[in-house]
Amino acid sequence: MKNLLLTGIIGASLAVSCTTAKNAQTNRAEFLKMKGDWEITSVDYDQRYRIKPFDEGADVNCFIGSHWRLIPNNWTGAYTLNSGGTCPTLTRPIKFEVVDGNTFQFKKIVDGTKAKQNTVGYTLTLLSRDTDQFSLQQQIPFEGETVRVVYHFQRTATK
């Protein structure tokens, strides 16, 4: 009887672990579809606020037209802002991950540091995704309120 109970527990444990592994593989497979080059085509936010995303010191409008390369097989990438007007020219390497299939987290990699040395990052929620576009939402706390910023991405190339 004890052996039968033990066998049942082990069987149940294996079934749960296989299901969890399968879900993780499915989530990863979905995000592998994001591999490639993307452009932010628009940003939606409350116009009463002046938004400077990701601590770059650049206005949110500088991110419209920015180029993002995502490489999910090693969770690396970069974004590039194009200069013009008051917008700086910069390319920033990033390390990102996807948590629970709908949370996109990334941290900037500053010259001379490794990703594991950088403990500051950004968390965005995946609102929608298909083959050629996706949208990420960032919640920014400001003076007791939360400012919602939505970045709309369009695929420019598959790499």
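This section describes the fold, the core and selected residues of a predicted model.

Confidence varies along the chain. The mean pLDDT is 81, and 79% of the residues score at least 70. Among the elements, strand 1 has the highest mean pLDDT, at 96. Helix 1, spanning residues 2–32, has the lowest, at 49. Over residues 2–20 the pLDDT stays under 50. The model shows zero contacts beyond four places in sequence for that stretch. Where pLDDT is low, predicted coordinates should not be read in detail.

The strands form a barrel. Eight of them close in the order 1-2-3-4-5-6-7-8, with antiparallel pairing. From one strand to the next, the twist averages 35 degrees. Strand 1 pairs with strand 8 (residues 145–157) in the antiparallel sense, over seven bridges. Ile 40 stands opposite Phe 153 of strand 8. Strands of a sheet pair through backbone hydrogen bonds.

Strand 3 was examined on both sides. Strand 2 and strand 3 run antiparallel and are joined by five bridges. Here Leu 70 stands opposite Gly 77 of strand 3. The hairpin of these two strands has four residues between them, and Trp 75 takes a positive phi near 55 degrees in this hairpin. Strand 3 is also joined to strand 4, by six bridges and again antiparallel. Gly 77 stands opposite Ile 94 in strand 4. Gly 77 thus recurs, facing Leu 70 in one pairing and Ile 94 in the other.

The two faces of strand 3 differ in cover. Gly 77, Tyr 79 and Leu 81 make up the covered face. Thr 76, Ala 78 and Thr 80 make up the uncovered one. In a regular strand, side chains alternate between the two faces of the sheet.

The largest nonpolar core holds 33 residues. Within this core, Phe 54, Trp 68 and Phe 106 touch the most other members. Each of the eight strands, from strand 1 to strand 8, supplies at least two core residues. Phe 54 has contacts far along the sequence. Beyond four places, its partners include Phe 63, Trp 68, Tyr 79, Phe 106 and Tyr 122. Lys 108, Leu 124, Gln 138 and Tyr 151 are also in contact with Phe 54. One of these partners, Tyr 79, belongs to the covered face of strand 3.

Two polar residues of strand 7 are buried. Ser 135 lies in this strand. Its relative accessible area is 8%, so Ser 135 counts as buried. Not counting residues up to four places away, Ser 135 touches Thr 125, Leu 126, Leu 127 and Ser 128. Val 150, Tyr 151 and His 152 are also touched by Ser 135.

Gln 137 lies in strand 7 too, which spans residues 133–142. Gln 137 counts as buried because its relative accessibility is 10%, under the 20% limit. The side chain of Gln 137 makes a polar contact with the side chain of Arg 148, at 2.4 Å. Outside the four-place window, other contacts of Gln 137 include Thr 123, Leu 124, Thr 125 and Leu 127. Val 149 and Val 150 are in contact with Gln 137 as well.

Asn 61 offers a contrast in exposure. This residue sits in the loop between strand 1 (36–44) and strand 2 (67–71). With a relative accessible area of 46%, Asn 61 is partly exposed. Asn 61 and Thr 86 are 25 residues apart in sequence. In space, their C-alpha atoms are 9.8 Å apart.

Terms used: Residues are numbered from 1 along each chain as its sequence is written. This is a predicted model: local features need pLDDT of at least 70, side-chain atom pairs count only at pLDDT 80 or more; totals for chains, interfaces and linings use all residues. Side-chain values use heavy atoms; hydrogens and water are left out. Buried means under 20% relative accessible area, exposed over 50%, partly exposed in between (1.4 Å probe, protein chains only). pLDDT is the predictor's confidence in each residue, from 0 to 100. Contact means heavy atoms within 4.5 Å. A polar contact is a pair of N or O atoms within 3.5 Å; within protein, one must be able to donate a hydrogen and the other to accept it, and residues adjacent in sequence count only if both atoms are side-chain atoms. Two strands pair if DSSP finds at least two bridges between them. Axes are lines fitted to C-alpha atoms, for helices over the stretch in contact, and angles run from 0 to 180 degrees between N-to-C directions. A nonpolar core is a set of buried Ala, Val, Leu, Ile, Met, Phe, Trp, Tyr and Cys residues joined through side-chain atoms within 4.5 Å.
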